[in-house]
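Trainee: Could we go through the contact between the two chains of this model, one question at a time?

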Amino acid sequence: MITIELEGRKIRVPEGLTVIEALWDTGHDVKRGIGCLSGLCGACTVAYLEAGAQRVKFGLGCQVVVAEGMNVIMLPYFPSRIARYDMADMANPLQELPGQYPELYACDDCKACNICPEWIHVAGFMKNAKEAAYATVAEKVKDCHLCGLCASRCPKSIAPQYVGLYLQRSCARQQPLPPNLRKRLEEMATFADDADFARVPVMSDDELKDFCRGFL
Amino acid sequence: MYSESLVPQLELVNATREQRKAVTPAPLADREKTVLLKKYHPDYKDSAFRDLRIGANKGDRVTHEFADLLESFSSLDHARLDLEPEVTTDVLVLGGGGAGVTAALFAESRGARVLLATKLRLGNSNTIMALGGMQAAVAAQDSPVRHFADTMIAGGFAGDRRLVKAMVEDAPGIVAWLLKVGVNFDRDENGDLATRMAAGMTAPRILSIGDHTGLNIMKVLKDELRKSDRIELAEFSPAVELTTSETGACNGAVLYDLGRRRHFVVKARAVVLATGGAGRLHNQGFPTSNNFGATGDAIVLAYRAGARMEGLDSFQYHPTGVMFPEHMVGVLVTEAIRSLGTHLVNARGERFVNELETRDVVAAAIIRECETGNGVRTPSGKVGVWLDLPILEELFEKGLLRKRFPALFKKFMRVRIDITRRPLLVYPTLHYQNGGVFIDETGESTVNNLFVAGEAAGGIHGRNRAMGNALLDIFVFGRRAGIAAAGRVGHEPGRLTLNHVANYYSRLKSLRISSVANSPTLFPEFIVDKI
């Protein structure tokens, strides 16, 4: 057994538990802040101070394993501004970034946001965003699960996760329809009914099996 | 980091790598597959099932876990519920994963007002956990017909051909829709959608976004959902019962506000049930890859309302669930890894199954190894086999794992396991509910005005779901259900009643059944077992 400070109180828990397991093990009925339990969804963000350490760390409650003397709280939600828009109404959302997120340009690269549990270099992509290297941002935020920890550290109250999402979407929308998909959609519109395929609903079970196995 | 006791085993995996490359186990013949499945696949373990005694599927074989919920009174005191609706809407969507969000968007696009209620936070679902990708026949050498054939064969011809046909025909259009909303599927150098092969497929058909496919789709759809004032959200509000009209049609639901610990009632012209699967019921004690909320609520709610089910005795056990470290038990290692040619290795350093067999066959083979003494035991007594990831760096290029599977790489670096140098210990994990509520091509169940989409719905995947078809199915049938539900705007929902529950209870009484259960379960009971 080890002693930790959990949600502001000293408590003894078995070794080897994650923060969430420690909460459950000690009878805390936590639901808000629990999601995939696989480190993928970003619902269970925590802030913790390790024994003897000075600097607070951040992570996911389903992945951080508690240790003797750790002081930990769940931080499942942090308010951050998200712009309101309907992308269908926007000709080129990339050009509208400054209007949607003007606070982005107040970012002075202090790097306080570099605490991403997915190890995304947040300050790096914010710099790219300011410099209009939008495609780079879109690529860098693919692992972002919008947990919002980065926003909780920003002294300028910028929400990097939402800026990233806006750019990820905008860049994807600017790309032309992929040629292979375009061709498939055209084919399907022209030959709406493959004669054999159209008969699927009325085939006997044996006919259906033969039909399908014909593609092997 | 691996514990000391596993080190000799790790060394054996390294030592046998070269010789294993030379001997690929032959694919099994149909007859051999059947024998293997019958002996080792959890779906064939008769003691884990019983025949249901009540309801529309009376006499059908279902898991004990489902039967225990369906053959019981709900612990909720229905007599104390006030059925006066607090909210009235056109379409009530239950569930905030890919199917629910898609249904809400399409219902709204047809002019309906929508309330989307979900148990956890919007987006907390198995959708975001879909790593490997989504099937859609877009490659030149592929076609929807081929997609149909592969899906029917994978499901052992138990899938409903009308539903499968609808799914494969909608697939290219769904991809076009997702691209338009702003989903960034991976492309090749020509700007074509990149497509990959997977086990049991006759053409490359898997579209992906790195190894975070579902997450990146869900992020975009959640963002899209905010555009309209006609869509309202109720997070942390699971449904605990559906309501029906005097004629038995569905017309709303009783929700439970978790934060304020009170029930409230929503009246709607149509309901879309999209609350996902049941991995957290932990069938037969299996670990699961599913999220915290996947407790099979749709089955309980719809069944009491009179809906017919399909295939409730068929589940997918994904062959490669993590067995070490302890706190990651059940977490998935994507099938894309296996498709590339990793070896599954037993405690004797041997391969024991052709790794490209379908999920059910590979899972059964791993269970066979573990039950016949060829498994590797962890310090806490769990048993698994090795998945030799480092071999991919030799077969392809150094750095492949980090480049193609960044999420997986990071996940294990956090626990100081470097997958470019170390294998992972794996065992089948409860992954997907193959069956569910029976639906037609519009997504409607046998209960009028009750639509079902996503993993909660049944009949599409037969007895084994192919990789990438779940992610497709949720958008195809989410869309169809949303559109059809919006078509009921002119319909008068009538008075809200729980007559169906009263009827169900009187049948329980006549069967002398008196057990009480938390049904729907809503949240799993967690017993943290550690040594």
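Mentor: Chain B and chain A bury about 6300 Å² between them, 59% of it on carbon and sulfur atoms, where buried area is the accessible area (1.4 Å probe) that two parts lose on being put together, summed over both. This is a predicted model, in which local features need pLDDT of at least 70 and side-chain atom pairs count only at pLDDT 80 or more, while totals for chains, interfaces and linings use all residues. Residues are numbered from 1 along each chain as its sequence is written, and side-chain values use heavy atoms, leaving out hydrogens and water.

Trainee: Which three residues supply 11% of the area that chain B buries against chain A?

Mentor: No other three residues supply more of that area. They are B:Arg161, B:Arg226 and B:Arg414.

Trainee: How many salt bridges are there between chain B and chain A?

Mentor: A salt bridge is a side-chain nitrogen of Lys or Arg within 4 Å of a carboxyl oxygen of Asp or Glu. One joins A:Lys142 to B:Asp186, with the closest N and O atoms 3.4 Å apart. Between chain B and chain A the count is eight salt bridges.

Trainee: Why is H5(B) described as largely enclosed by the rest of the structure?

Mentor: Helices here are DSSP runs (H or I, at least four residues), numbered from the N terminus, and buried means under 20% relative accessible area (1.4 Å probe, protein chains only). The buried residues of H5(B) include B:Phe148 and B:Met152. H5(B) is largely enclosed because the number of its eleven residues that are buried is nine.

Notes
Chains are lettered from A and ligands numbered from 1 in the order in which they are written. Buried means under 20% relative accessible area, exposed over 50%, partly exposed in between (1.4 Å probe, protein chains only). Helices (H or I, at least four residues) and strands (E, at least two) are DSSP runs, numbered from the N terminus.
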